[in-house]
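Hi everyone, thanks for coming. Let's take a few minutes to look at the model together, starting with the empty spaces inside.

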Amino acid sequence: MTCSTKVSRSMTADKLRTSCSSRRRKPIVELSKSSQLVFACNAGSTRIRLISRAFLICKIFVLAGCAVKTEPPRRPATHFLVIGGGYSPDSNAIAIERNVIEFDRWLDERNVPQDRRAILFADGDDPGRDVQYDDPDAAIPEVNQVLAAVFAEEDGISDRYRTNDIKNVTGPATPERIADWFDKAAGRLRKGDRLFIFVTAHGDPAVDDISQNTSLLLWDDRKLSVEEFTAELDKLDPQIEVVTVMVQCYSGGFANIIYRGGDPSAGLSPARRCGFYSTTFDRVAAGCSPALQDDKYDEYSEPFVAAISGVEPRANVDADHDGAVSWEEAHCFALARLNTIDIPLRTSDQFLLQMTPPENTFDIKQDASPAEQDAIKKLAAALEINDPFSKDALESLEAEWTETYELLDAELVALEDKAEDARAMLERVVIQKWPELAGIWNPRAHAIVREQGDAIVSTVTNHELWEKFLKHREEVAAADERLLATERQLAKVTRLRLLLATVANRASLYRSADQAKIDQYRQLLDLERGVFAE
């Protein structure tokens, strides 16, 4: 977590004794003066005895005061909350489980105690099957494959389900369990502690096109909105540093946790919070797959966690060469490395976007941090841009890729129409001969598939439309891949534009006379540029 300020060492024994004496000296002096007033009213030996007794008492107080053991200052602790999983078994792909397992393994490597981490995942420790995975070796009868294609029901045909393999799971990912965790954390976490929240799940857009109050989708089709999540965070002491990393669709809406009630119009919250998000509030995110093996860095959290955990060599991430990897450096590394449709966002980006529109600001070259400079250079290289600070060059490239995308999208729609026409005709052929197959729950349907499977396969595959259908499907798949590749390039252009807008708007803010906003922004940057430490 953020720890740019090192925790001071506890006092030495000599300093401890001095401080003990200092704390006891004042009451001892007061006691002495009080005794003298009493003693002045007495005479003779009585006065001498009282003075001797007072001196003895003073001596005892001094010795006792120095003997008191003072506990060293409490060292701030870092706590971790992981929220993950789908909203149902068929949405809880193994890729999400893998993210949680890898993150938990990193916590093991850092020797984070179990009492300072919690994992709320899918259905928790319920033995029910809550994880979806694709079995590439599954034996699927040919008749099932053919009918699935003809009836457009191929999704999930090779999917399997099992209970989750998360060894340290705390409970299910439900609104009630999240609220319960924060209720308890409010009494356990103290001022100066740090909280890292990692969310790998699904998201839902805001209910309208204007609001950024997006939602996190939780187990059993439940939801937790930005405003509701902010209310949970508000249960904590505002001096507890909170860092969030969230990789669900529409996750950028949660960048508004820096505002009161999660509402940008309500002003900044006094709480110390920052966050990093896989995409903006109005876009879906990449990376949810039931495949057992996926490409490296298939979604935002993978390079981010690899950067902070040391899986990625530090030399590739430590842009300022200070020997540590900050949250900002991990974010910028992911920003440049990802080959996905994601548009990652930071809370500081959101802060500036709320203040100044990101137009006409592509001439700022000197105000980027080392991590930002590295990301700008790598994104420009990936896009083959000689001068990434040229507004004209960027807009020209964006227009070119947008035009290509629109052409490919139109081509894909036309190919899909051809494939659909052929499929629909094949479906009619099957239903005309076996009408029971029109209803999957017809008790005769399963018997027909079991008993007449070969005849069904022969009827479909020997039809003149079958080969055309297969050809159209191949064309659709190829066109879809070309469209996705173009969308990924457009995403890189958008990432670069957002990054340059952030740098330019930051420079504009610093040149302004609004010292209060400057201070607020710098505090946010300090949090984002912190590092994990124990």
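**Cavities and a helix pair**

So, let me start with the second largest cavity, which is lined by His331, Leu335, Ile343, Pro344, Arg346, Asp349, Arg495, Leu498 and Leu499. Please keep in mind that this is a predicted model.

What volume are we talking about here? About 50 Å³ of space lies in this second largest cavity. If you sort its lining by class, you get five nonpolar, one polar and three charged residues.

Which helices build that lining? Both α8 and α14 (464-511) supply at least two residues each, and α14 has the largest share, with three residues. In terms of domains, at least three lining residues come from domain 1 (78-128 + 163-355 + 513-529), and at least three from domain 2 (359-512).

Now, how many cavities are there altogether? Searching the whole structure for cavities of 30 Å³ or more turns up two. The largest of them has a volume of about 60 Å³.

Let me read out who lines that largest cavity, in case you want to click along. From the lower numbers there are Asn316, Val317, Ala319, Glu329, Cys332, Phe333 and Ala336. Then come Ala371, Asp374, Ala375 and Lys378. By class, that lining has seven nonpolar, one polar and three charged residues. Helix α8 (327-337) turns up here as well: α8 and α10 (370-383) each give at least two residues to the lining of the largest cavity.

And where does the largest cavity sit with respect to the domains? It lies between domain 1 (78-128 + 163-355 + 513-529) and domain 2 (359-512), because both of them give residues to its lining.

Let's leave the cavities and finish with a pair of helices. In general, two packed helices are described by the angle between their axes and the distance between the axes. For helix α3 (residues 94-109) and helix α7 (residues 301-309), the axes come within 11 Å and cross at roughly 10°. That crossing angle makes α3 roughly parallel to α7.

Which residues make the contact? On the α3 side you'll find Asn99, Phe103 and Trp106. Facing them from α7 are Ser301, Glu302, Val305, Ile308 and Ser309. By class, the contact of α3 with α7 has four nonpolar, three polar and one charged residues.

That's my tour, and I'm happy to go back to any part of it.

Conventions: Residues are numbered from 1 along each chain as its sequence is written. This is a predicted model: local features need pLDDT of at least 70, side-chain atom pairs count only at pLDDT 80 or more; totals for chains, interfaces and linings use all residues. Side-chain values use heavy atoms; hydrogens and water are left out. On a 1 Å grid over the protein atoms alone, a cavity is a set of points where a 1.4 Å probe fits but cannot get out, and a pocket is an open set with protein on both sides within 12 Å along at least five of seven lines; lining residues have an atom within 4 Å of a point. Grid points are joined across faces, edges and corners, and a volume is the space filled by probe spheres set on the points. Helices (H or I, at least four residues) and strands (E, at least two) are DSSP runs, numbered from the N terminus. Ala, Val, Leu, Ile, Met, Phe, Trp, Tyr, Cys and Pro count as nonpolar, Asp, Glu, Lys and Arg as charged, and the others, Gly among them, as polar. Domain bounds come from an automatic or database domain assignment. Axes are lines fitted to C-alpha atoms, for helices over the stretch in contact, and angles run from 0 to 180 degrees between N-to-C directions. Angles under 35 degrees count as roughly parallel, over 145 as roughly antiparallel, 65 to 115 as roughly perpendicular and the rest as oblique. Contact means heavy atoms within 4.5 Å.
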